[in-house]
Amino acid sequence: MKKTIVITGGAGFIGSHVVRLFVNKYPDYQIVNLDALTYAGNLENLVDIQDKPNYVFEKVDIVNQKEVDSLFEKYKVSGVIHLAAESHVDRSITNPNEFINTNVIGTANLLNATVKHWKDNFDDKLFYHISTDEVYGSLDDGGFFVETTSYDPRSPYSASKASSDHLVRAYHNTYKLPVVISNCSNNYGPNQFPEKLIPLAFNNIKNKKPIPIYGKGENIRDWLFVIDHARAIDTIFHNCKIGDTYNIGGNNEWQNIDLIKLLCKIMDEKLNRAEGESEKLITYVTDRAGHDLRYAIDSSKLQNELGWKPSVTFEQGLGKTVDWYLENEQWLSNIVSGAYAGYYESQYNNR
Ligand code: NAD
Ligand code: DAU
């Protein structure tokens, strides 16, 4: 094996797509999937590649420095792609400390381990930190987030991600750790946990349950197909300028209400329902506390300097996503039981 690369959070939504891409595309890399398997981690996401000779799973909690250090003693790691995080804004509002522990302390522990194990030789090493557009705050109407936009995080989730970004840059400046950061917009696609808007709405439409829309549904997000995010991560990992930041986005802004209406239309067609039937399920509920109005990413640096661009339109990506969820009912029903049922009850019951 030429290189050993640790991908943290590889059992989660985006991480599993990154692991799959790297395992299949780079047979001479050893890919170590480091994941604590929280409620959001699911090894079922990786059944198709779990027996490949260049793939190994390690159950490690990044909040535990000793566990992280042991992994770096076991493997001769040359690259880290760090996705492990608590990722759901609503959960960060009810339980912020979980986010501070995983996203801030966990990232610091990984940085400490890389500095300790790489300090004699930083050649051909890279710590790649995966971040979010939410660190830049909320846009009103015009304008886009660029790489130099000032940080203005407004939820416990985005504040914890912003803190981790600052730590990564501080370790680069102080210890010369070779790092790169990318900040991506909202992802959608197969394997997304049904607490996030699109898979939650899919599941409710399918089961003819109310689709909860926060506030007036006017908030805007910039949606990117998860496989295009994984492709961007591959491009950046192999071609980035050390110390730089790259924004990743689909130039694909949708008001929540319009997106949900499109999803309803696609699902009416695929489920042979009468036109307009699923839209009747739309239900406006109490808004999210501190709900950011609009995110929009300018990804021209990544496009112009590294040649990446999205491979699918939103309509194609959303169609593929709906097909995947329809074909993988067991995956969804394994999740939409037990602990998820309790979460759903407490999140939406009083709205
Ligand atoms: P996810 O919640 O689906 O997956 C997170 C993964 O991290 C899970 O497998 C979980 O088990 C693991 N994990 C959590 N705590 C851990 C710990 N203490 N130790 C080890 N593993 C732990 O998240 P996602 O949506 O795939 O997001 C992945 C990353 O991408 C996150 O860093 C997130 O901030 C970032 N991001 C997400 C989006 C998006 O739209 N989902 C957009 C931009 C950036
Ligand atoms: O922008 C990138 C971020 O996108 C990532 O960093 C986060 O990890 C990821 O979770 C996502 O955050 P959002 O808060 O934008 O995603 P979510 O799917 O939770 O919500 C999308 C929009 O839909 C948001 O405006 C809130 C709204 N919403 C969400 C849910 C779950 C609803 O109206 N109803 C809902 O039930």
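Q: Which residues are the closest to ligand 2, and how many surround it?
A: The structure is a predicted model, and a residue is taken to be near a ligand if one of its heavy atoms lies within 4 Å of it. By that criterion the shell around ligand 2 holds 23 residues. The closest of these are Asp 133, Tyr 157, Arg 288, His 291 and Tyr 348.

Q: Which residue offers a side-chain N or O atom to an oxygen atom of ligand 2, and at what distance?
A: Polar contacts are pairs of N or O atoms within 3.5 Å. Backbone N or O atoms serve in two cases, with Ser 87 lying 2.8 Å from an oxygen atom of ligand 2 and Pro 212 lying 2.9 Å from a nitrogen atom of this ligand. The side-chain contact to an oxygen atom of ligand 2 is 2.7 Å long and belongs to His 291.

Q: How much of the area that ligand 2 exposes when taken alone is buried by the protein?
A: The contacts of ligand 2 include a backbone atom of Ser 87 and the side chain of His 291. Taken alone, ligand 2 exposes 690 Å². The share of this area that the protein buries is 95%.

Q: Which element gives the largest share of the shell around ligand 2?
A: By class, this shell has nine nonpolar, eight polar and six charged residues. The largest share from one element is three residues, and these come from strand β8, residues 211–214.

Q: Which residue makes a side-chain polar contact with an oxygen atom of ligand 1?
A: Of the 30 residues around ligand 1, those that come nearest are Ile 14, Asp 35, Ser 87, Tyr 157 and Lys 161. Backbone atoms also take part, since Ile 62 places an N or O atom 3.0 Å from a nitrogen atom of ligand 1, and Leu 83 has a polar backbone atom 2.9 Å from an oxygen atom of the ligand. The side-chain N or O atom that lies 2.5 Å from an oxygen atom of ligand 1 is in Asp 35.

Q: Which element supplies the largest share of the shell around ligand 1?
A: By class, the shell around ligand 1 has 15 nonpolar, 11 polar and four charged residues. The largest share is three residues, and the element that supplies them is β5.

Q: Which residues lie closest to the centre of the second largest pocket?
A: This pocket holds about 220 Å³ of space. Its lining of 13 residues divides into four nonpolar, four polar and five charged, and β1 and α4 each supply at least two of them. Closest to the centre are Lys 76, Val 77, Ser 78, Trp 118 and Lys 125.

Methods:
Residues numbered from 1 in each chain as written. Chains lettered and ligands numbered in written order. Predicted model: local features only at pLDDT ≥ 70, side-chain atom pairs only at ≥ 80, totals over all residues. Heavy atoms only, no water. Polar contact = N/O pair within 3.5 Å; in protein donor to acceptor, adjacent residues only side chain to side chain. Helix = DSSP H or I, 4+ residues; strand = E, 2+ residues; numbered from the N terminus. Nonpolar A, V, L, I, M, F, W, Y, C, P; charged D, E, K, R; others polar. 1 Å grid on protein atoms, 1.4 Å probe; cavity = no way out; pocket = protein on both sides within 12 Å on 5 of 7 lines; lining within 4 Å. Points joined across faces, edges and corners; volume = space filled by probe spheres on them. Areas by Shrake-Rupley, 256 points an atom, 1.4 Å probe, with all protein chains shown as cover.
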